[in-house]
Amino acid sequence: MNDKIITNHGDDEMTSGLPNAMLTKFMEARTVMIFGGVDQKLAERVSIQLLYLDQISHDPIKLMINSPGGHVESGDTIHDLINYIESPVAVVGTGWVASIATHIFLGVDKKHRFCMPNTRFLIHQPSGGAGGKASDIAIQAEEIVKMRTRIAEKIAKATGQKLDRVLKDIDRDYWMSTEEAKEYGILGTVINSASEVKI
C-alpha cells in the first residue's frame, strides 16, 4: 500500500496525547482509539480515521474504547459512522465504557463487542445544564426527554432488553461488571489477548 496514513489534519506533533508516528502505526494496523472524554474534537479525529481506513480498503477495523462518555451528539456521530462505512468494525472496551461511550460500543453487532476482564460499563440518562429564559429552559428539558427515550430505544434494540426496563435502569447511574454487562446484552465476549478478537 502506497497511501500515506493520515493521523490528523493539522501540524500538531501530538494527537490524543500520542506522537503522530505512533498513531500512524495504529492506523496501519487499522486500529482506532477512543480514550478520554467524547467531544467534537475526538469525534472529528475518529471520523476522519474511520472514513480514511474505509476508503483504503474494507478490511476489518478495531476500535479501542476507554471513556467516561461526554457529548451526546459527538458520540452519535461515531456510532452512526460505524454503520455508515463498509468495513466491519469490532469494539474492544478497556477500563471503563460509560455513558455515551456505551452508545458507541453498542454500534456494532453483539458478536463484535469485546472487552478486557476489568472493564466496567455504565448506562444512564443524558443530563444537561439548562439556563436562560424560562421558555428556553422548557425547550431544553423537552429535548433531553426526547434524547433519553432515543438512547433507551437504542440500548433496548442492541441488548434485547425491554424498553420499559432500560428506561427504569437509566433513571440513575447503572454500573455493570463484565459479567453483568454480558448478562444484560451489552457485551459479547471477555478477552485476555488480541488474538481473541474475531471479526
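**View 1. Buried and exposed residues of helix α1 in the predicted model.** Helix α1 spans residues 20-28. Its buried residues are N20, L23 and M27. These lie on the same side of α1, because they cover an arc of only 55 degrees around the axis. A21 and K25 sit on the other side of α1. Both are exposed.

**View 2. The residue following α1.** R30 comes after the helix. Its phi is positive, near 55 degrees.

**View 3. Packing of helix α2 with helix α3.** Helix α2 covers residues 40-56, and helix α3 covers residues 72-84. The two pack at an angle of about 10 degrees. Their axes are 9 Å apart. Angles under 35 degrees count as roughly parallel, so α2 is roughly parallel to α3.

**View 4. Residues in the contact between α2 and α3.** From α2, the contact uses Q40, L42, A43, V46, S47, L50 and L51. From α3, it uses S74, T77, I78, L81, I82 and Y84. By class, nine residues are nonpolar and four are polar. The contact has no charged residues.

**View 5. Surroundings of H103 in helix α4.** H103 belongs to helix α4, residues 100-105. Its relative accessible area is 6%. Buried means under 20%, so H103 is buried. Leaving aside neighbours within four places in sequence, H103 is in contact with G75, D76 and H79. R150 and K154 are also in contact with H103.

Note on methods
Residues numbered from 1 in each chain as written. Predicted model: local features only at pLDDT ≥ 70, side-chain atom pairs only at ≥ 80, totals over all residues. Heavy atoms only, no water. Buried < 20%, exposed > 50% of the residue type's maximum accessible area, 1.4 Å probe, protein only. Helix = DSSP H or I, 4+ residues; strand = E, 2+ residues; numbered from the N terminus. Arc of directions from axis to C-beta. Contact = heavy atoms within 4.5 Å. Axes fitted to C-alpha atoms, helices over the stretch in contact; angles between N-to-C directions. Parallel < 35°, antiparallel > 145°, perpendicular 65-115°, else oblique. Nonpolar A, V, L, I, M, F, W, Y, C, P; charged D, E, K, R; others polar.
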